[in-house]
Amino acid sequence: MRKPIVALIYDFDGTLSPGNMQEFGFIQAVGSTAGDFWKMSDGIAVKNDASNVLAYMKLMFDEARKSGIKLRREDFKRFGKDITLFPGVRDWFGMVNAYGAQHGVKVEHYINSSGLKEIIEGSPVASEFKHIFAGTFIYDENGEAEWPGIAVDYTAKTQFLFKISKGIFSARDTKQVNSSVREDRKRIPFSHMIYFGDGDTDVPCMKIVGMFGGHSIAVYDPDNEKKVAGARKLKRQGRVAFAAPADYSADSRTYGIVCAIIDKIIADYRLSEMQSASR
């Protein structure tokens with residue numbers, strides 16, 4: 001039997017990291033605070049009835065220009081180096097990969113974020129991901145950001161699930177992702193997906209993954225009462241199958257859940273192969 005692929009798909013802010021990625025260097029560099037920055041960003045969105053994602057991207061651009069800071073790819077990556085991660089994240093990928101290999105599946109990791117791809121690419125765990133789907137800027141001839149290139153809101157996130165399923169790694173593709181592909185020809189069926197998220201922007205993805213036979217996990221910072229309540233609400237409403245603290249260590253509830261899901265995926269896969277062989 002060919003080895004099936006299991007995709008672990010993560011939001012980033014609030015899921016792998018306890019804060020927003022802009023808060024680990026960029027906001028300080030422009031002389032602001034997290035509270036003031038997000039208040040200004042929300043103000044832009046409300047005043048113009050605009051996308052919250054495009055609003056924060058505009059504000060980053062404007063604040064950097066006012067502070068004399070150039071926003072190049074390498075600058076974004078530099079901000080990403082100081083991102084704080086939840087407990088166990090650095091060792092998580094190796095543990096899950098090893099468990100999958102021991103049980104006959106290949107594990108791949110993906111990011112599906114409304115944050116910035118360039119900052120995530122500078123994070124300590126960037127090399128662990130098969131692909132990073134996130135927002136990006138367009139850069140001029142001097143390599144400086146001049147305009148938003150991709151803005152990822154909660155609806156844009158859902159299209160990336162279908163791209164992962166079909167093995168499409170181009171953010172701009174609109175043809176292949178909409179082409180009809182038989183379920184048994186998809187590189188990663190939805191039933192082989194595990195989606196990790198922490199908030200409202202993840203709800204459509206969580207729901208879609210669950211509807212098509214996959215599994216979604218709402219993770220939360222156990223020290224943040226609002227996040228705990230939000231995750232429990234998602235579980236209570238049936239938006240996710242599981243809720244767990246954002247602890248990715250070997251003895252965590254999150255690791256136990258993922259191992260059990262992998263066990264189920266491989267068992268279902270073997271039964272499906274047996275059924276096909278007996279026809």
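**Figure 1. Strands β3 and β4 run antiparallel and are joined by 4 bridges.** Two strands pair here if DSSP finds at least two bridges between them, and strands themselves are DSSP runs (E, at least two residues), just as helices are runs of H or I with at least four, both numbered from the N terminus. Across from T136 you'll find I150 in β4. A quick note on what you're looking at: this is a predicted model, where local features need pLDDT of at least 70 and side-chain atom pairs count only at pLDDT 80 or more, while totals for chains, interfaces and linings use all residues. Residues are numbered from 1 along each chain as its sequence is written, and side-chain values use heavy atoms, with hydrogens and water left out.

**Figure 2. An open sheet of 7 strands, in the order β4-β3-β2-β1-β5-β6-β7.** The pairing is mixed. β4 (145-150) and β7 (242-245) are the edge strands with a single partner each, so each has one side without a neighbour in the sheet. On average, neighbouring strands are turned by 25° against each other, direction ignored; axes are lines fitted to C-alpha atoms (for helices, over the stretch in contact), and angles between N-to-C directions run from 0 to 180 degrees.

**Figure 3. Helices α3 and α8 pack on the sheet.** Helix α3 (residues 52-66) touches β2 (106-116), β3 and β4, and its direction makes about 70° with that of β2. Helix α8 (residues 203-211) touches β2, β5 (193-197) and β6 (215-220), with its direction at about 150° to that of β6. Contact, by the way, means heavy atoms within 4.5 Å.

**Figure 4. F76 and F137 make a stacked aromatic pair.** The structure holds 18 aromatic pairs, counted when ring centres of Phe, Tyr or Trp (its six-membered ring) lie within 6.5 Å; planes under 30 degrees apart are stacked, over 60 edge-to-face, and the rest tilted. For this pair, the numbers are 5.6 Å centre to centre and 10° between the planes. F76 sits in helix α4 (residues 73-80) and F137 in strand β3 (residues 131-139), 61 residues apart. Both F76 and F137 are buried, meaning under 20% relative accessible area (exposed is over 50%, partly exposed in between; 1.4 Å probe, protein chains only).

**Figure 5. Y99 and Y255 meet edge-to-face.** Their ring centres are 6.4 Å apart and the planes stand at 80°, so the pair gets the edge-to-face label. Y99 belongs to helix α5 (residues 89-102) and Y255 to helix α10 (residues 253-277), so parts 156 residues apart in sequence are tied together. Y99 counts as buried at 15% relative accessibility, and Y255 counts as buried at 15% too. Both belong to one aromatic cluster with Y10, W92, F93, F129, F196 and Y248.

**Figure 6. L8 in the largest nonpolar core.** A nonpolar core is a set of buried Ala, Val, Leu, Ile, Met, Phe, Trp, Tyr and Cys residues joined through side-chain atoms within 4.5 Å. This one has 62 residues, and L8, W92 and F196 touch the most other members. Helix α10 supplies the largest share, 9 residues. Leaving aside neighbours within four places in sequence, the contacts of L8 include W92, V96, V107, I194, F196 and V258. Another core lies apart, with 26 residues, among them A7, I9, F133 and C205.

**Figure 7. D49 has a positive phi.** Most residues other than glycine have a negative phi. D49 has phi near 50°, lies in the loop between α2 (34-48) and α3, and is exposed, with a relative accessible area of 74%.
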